[in-house]
Amino acid sequence: MKQPALLSVLAATAFAFAAGAALAQSAGSVQSLRGADVTDAVPVEPVFHQEEQRFERAYRQQPPLIPHTIEKYQIDVKANECLACHEWSNSAGRGAPTLSMTHYVDRDGLQSETVSARRWFCNQCHVPQVNAPELVENTFKPFGQ
Ligand code: HEC
Ligand code: HEC
């Protein structure tokens, strides 16, 4: 039983390597949504600090944009460095806004003392604010405009 399972894992790994190599070879010809070569860096202007500029929410339910860089903050199944500043029990000392109550409610509507698993991966909803050209042309207008 054990050996065939191991073999299929090895086969899958070999396939993944081969596919990865093929992808790396063809990367030069891949175009981004903006029509640029994927290897070209897109110039974006970071707007990290609240004092400089804080983007308005485009609609009431929008997760607020992050007004600071998040490059060095690790989020994975074991660690969440955002909580070092934003968890209700740490935020006062860090001068950071506390997570709102919605972040402590689980899928059954139960409130808890610790952040809900549904809200663990912060950057699933919150992204750092930047001035970047739009990916595809669109006619979106913020609420009320
Ligand atoms: C070192 C402390 C610190 C860490 C770590 C940190 N933040 Fe912040 N965060 C702040 C502070 C302070 C503010 C208030 C805005 C400001 O002054 O830049 C803020 C603001 C925000 C806001 C805006 C809230 C609002 O009401 O508009 C969001 C969203 C946010 N952070 C998300 C995150 C996420 C996601 C992470 C992890 C990837 C993170 N933060 C890590 C300190 C931190
Ligand atoms: C499923 C989407 C989602 C996830 C995941 C999520 N948030 Fe939020 N967050 C929101 C929304 C929507 C709001 C604004 C409405 C609200 O407070 O519920 C918000 C509000 C906030 C605010 C402002 C609170 C206030 O009262 O002004 C902060 C700070 C914040 N989130 C940080 C975080 C951090 C840090 C994480 C990760 C631990 C996280 N969020 C995970 C959707 C999310």
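The protein chain exposes about 11,700 Å², of which carbon and sulfur atoms supply 60%, with accessible areas taken from the Shrake-Rupley method with a 1.4 Å probe. This is a predicted model, in which local features need pLDDT of at least 70, side-chain atom pairs count only at pLDDT 80 or more, and totals for chains, interfaces and linings use all residues. Residues are numbered from 1 along each chain, chains are lettered from A and ligands numbered from 1 as written, and side-chain values use heavy atoms, without hydrogens and water.

**Exercise 1.** Find the protein donors of the iron atom of ligand 1 and name the arrangement around this iron atom.

*Solution.* Begin with the donors, which are N, O and S atoms within 2.8 Å of the metal (3.2 Å for Na, K and Ca); here His68 (NE2) and His86 (NE2) coordinate the iron at 1.9 to 2.0 Å. Next, take the angles: the six donor atoms subtend 89 to 179°, which makes the arrangement octahedral, a term that requires opposite donors over 155 degrees apart and all others between 65 and 115. For comparison, ideal angles for six octahedral donors are 90 or 180 degrees.

**Exercise 2.** Decide whether His103 and His126, the protein donors of the iron atom of ligand 2, are buried or exposed.

*Solution.* First recall that buried means under 20% relative accessible area, exposed over 50%, and partly exposed in between (1.4 Å probe, protein chains only). His103 has a relative accessible area of 13% and is therefore buried, and His126, with 18%, is buried as well. Finally, apply the cut-offs to His68 at the iron of ligand 1, which at 28% counts as partly exposed.

Conventions: Tetrahedral: all angles 85-135°; square planar, octahedral: opposite > 155°, others 65-115°.
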